[in-house]
Each structure stands twice: as structure tokens, then as C-alpha cells.
Amino acid sequence: MKRRFLFLSVVFLTALSAVAQSMVWTQRYQDYFDRYKELAIEQMVKHRIPASITLAQGVLESAAGRSELAINGNNHFGIKCNGWRGRTTYHDDDARNECFRAYDNVYQSYEDHSVFLTSSKRYSRLFELKLTDYKGWARGLKACGYATSPTYASKLIEIIQLYRLYEYDTAKGYDKFQTQQIEHGDLRHIYHFNKNYYLLARRGDTFRLIAQEVGISYRKLARYNERDKNDQLEEGEVVWLEKKRSKAPKEYKNRPHLVQAGESMYSIAQKYGIRLKKLYKMNGLTPDYQLRVGDRLRVR
């Protein structure tokens with residue numbers, strides 16, 4: 001009896017350990033979701049596939065963008081060459097040296113994944129499910145033969161619940177600027193702040209160089225940043241991609257900016273995404289004011 005109890009205890013603890021390991025949150029997965037969530041929502045709006053399902057499949061199939069297929073062919077969903085006329089890459093899977101689809105960028109992979117599901121009769125019954133029924137979609141994908149792993153559906157559900165991806169399934173719109181950046185090859189990391197977008201200049205950057213990458217007129221970029229269009233930019237400098245606002249976000253209402261050494265009215269305006277003349281006006285200052293370390297400036 002003691003041996004049997006010991007055996008059952010070991011089995012139970014082993015199973016419990018496996019579950020615990022599979023439920024661990026990782027920054028690598030979170031970074032993947034933060035990077036591609038808008039793209040998944042776009043696919044949901046266009047093709048009626050839950051964003052949570054797309055993200056969970058993408059992160060699982062691509063090892064959060066670090067698999068050989070993802071690196072060599074931007075293939076985030078493990079889709080093989082069947083009927084494919086585009087670029088290809090080869091990888092050992094169910095058999096050795098199998099043919100997989102390859103894409104120019106991750107955007108194409110997400111789009112092709114949607115087309116792959118919507119154009120196949122095999123998956124047609126999934127589209128009878130509600131967008132919020134991620135469990136039904138996960139189990140349906142497994143039942144329809146998307147993957148051979150017996151735990152595929154449970155893994156998708158586990159990921160969706162752990163990272164709360166189901167919250168994206170009720171989204172009505174998506175950030176088109178973010179998806180355009182992915183479509184053009186993830187050229188720059190774009191940040192969002194104060195209802196605006198910005199990037200950080202690289203060494204040797206000019207407004208002309210940045211304009212070519214983000215698809216905005218260099219004259220407009222210079223104007224948005226209150227600079228001359230021919231200025232050379234310093235590495236790490238904030239470059240706003242839309243017209244700056246008249247004040248900082250609401251959370252800065254009672255949080256004045258404490259001036260540090262090396263700062264200027266312009267650098268502070270750039271930091272908060274505020275137009276320079278608005279910053280002067282907000283603080284009752286004129287352009288000839290000599291800023292001092294320790295000054296407190298209203299930014300909202």
C-alpha cells in the first residue's frame with residue numbers, strides 16, 4: 001500500500017510540475033504580443049479570425065519569432081508549401097527537409113495565415129463560431145487537423161488565458177500606423193505617447209532618411225518637430241511622426257517637470273510631445289527666458 005501511495009504521489013507531483021512549468025509567464029512571449037497585437041486585430045477585422053487565436057498560434061508556432069522558420073522565412077504559423085508559388089524554405093518537421101512557405105516580412109505571414117484558413121473548406125465550420133469563443137476555435141483547429149500535437153488546443157487556450165489575449169477579441173479597430181510598419185519590414189521601432197507616435201534617431205539620421213522609411217514627407221517631419229528640414233539629427237533624439245499636442249497627457253496635470261542639467265525648453269517640449277510655443281505660453285515665459293536647473297515647468 002505504501003509503495004502504491006508513493007507511486008501515485010510521484011505521478012501527481014510530476015503532473016503538477018508539468019502544469020506549473022507550462023503556465024509560467026515569460027517576457028519573450030509578452031514582447032511578441034505587444035509587437036504583433038495590432039496586426040492580429042487587423043486580421044480579425046478583415047477575416048473574422050479571433051485575434052487571440054492568431055497571436056497564440058503565432059507565438060507557439062514561431063517560438064515567439066525565434067524559430068528557424070521565422071528567422072529564415074518570416075513564417076510564423078508553420079504553413080507548408082502545399083499549392084504555394086512564392087518563396088520557400090526547407091526545414092525538418094514531420095519528415096526531413098520539408099518545404100515551407102517563406103515571406104518578405106511578418107505582415108505577409110499573418111495575411112497568408114488568414115487566407116489559408118478562410119479559403120479552405122476544412123476550416124469552414126470554425127467561422128460559424130463567435131469571435132469570443134477562443135476555446136471553440138482552439139479545439140476546432142486541432143480537430144480540423146491544423147497540428148498533429150494532441151495538446152495543441154490546450155496549449156493555445158493556456159496561452160490565451162495566461163496573457164489575457166481574449167481581451168483583443170472585442171476590439172473594433174486597430175492601429176494602422178503600427179501595421180504599416182510591420183508590412184514594410186519592421187524598419188523602425190515606433191513608440192506611442194500623448195496620442196502621437198515617435199521614434200529615436202539613429203547615428204547619421206536626417207529627416208530625409210527617416211521620411212524614406214516611414215513614408216512621411218521629410219518637410220512634414222521637420223515641421224512636426226519644429227526644426228529645419230536639412231538638420232542633422234543626434235543619435236537617440238526623439239522624432240515625432242505627427243503634429244505635437246498642446247499639452248502633456250492627463251496624468252501630468254499635477255506633475256510639473258523638474259529641469260535637469262543639459263535640458264532646454266525644446267528638449268522638454270520634445271520629451272512630452274508638446275509644441276514649443278505652447279510650453280512657453282503654459283508657463284508664462286518668453287523665448288528669451290534663461291532656463292535654470294531646478295526650474296519647475298507645467299507640461300499640462
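Visitor: What is the bridge partner of L200 in strand 5?

Guide: In this predicted model, L200 is bridged to V238 of strand 5.

Visitor: What makes strand 4 and strand 5 a pair?

Guide: Pairing takes at least two bridges, and strand 4 and strand 5 (residues 238-240) have 3, running in the antiparallel sense. So the two strands count as paired.

Visitor: How do you know that strand 3 pairs with strand 4 too?

Guide: Use that cut-off of at least two bridges again: strand 3 (residues 191-193) is joined to strand 4 by 3 bridges, also antiparallel. One of the partnerships is Y191 with Y198 of strand 4. The two strands form a hairpin with 2 residues between them, and N194 in the turn shows a positive phi of about 55°.

Visitor: Why is strand 4 called mostly covered?

Guide: Buried means under 20% relative accessible area, and 4 of the 5 residues in strand 4 (residues 196-200) are buried.

Visitor: Over to the helices. Why are helix 2 and helix 5 called oblique to each other?

Guide: Their axes cross at roughly 40°. Under 35 degrees would count as roughly parallel, and roughly perpendicular begins at 65, so helix 2 and helix 5 are oblique. The axes of helix 2 (residues 27-47) and helix 5 (residues 106-118) come within 10 Å, and the crossing is right-handed.

Visitor: Which residues make the contact?

Guide: Helix 2 brings Y32, Y36, L39, A40, E42, Q43, K46 and H47, while helix 5 offers V106, Y107, Y110, E111, S114 and T118. By type, the contact residues of helix 2 with helix 5 split into 7 nonpolar, 4 polar and 3 charged.

Note on methods. Residues numbered from 1 in each chain as written. Predicted model: local features only at pLDDT ≥ 70, side-chain atom pairs only at ≥ 80, totals over all residues. Heavy atoms only, no water. Buried < 20%, exposed > 50% of the residue type's maximum accessible area, 1.4 Å probe, protein only. Axes fitted to C-alpha atoms, helices over the stretch in contact; angles between N-to-C directions. Parallel < 35°, antiparallel > 145°, perpendicular 65-115°, else oblique. Left-handed = near helix turned anticlockwise from the far one by under 90°. Contact = heavy atoms within 4.5 Å. Nonpolar A, V, L, I, M, F, W, Y, C, P; charged D, E, K, R; others polar.
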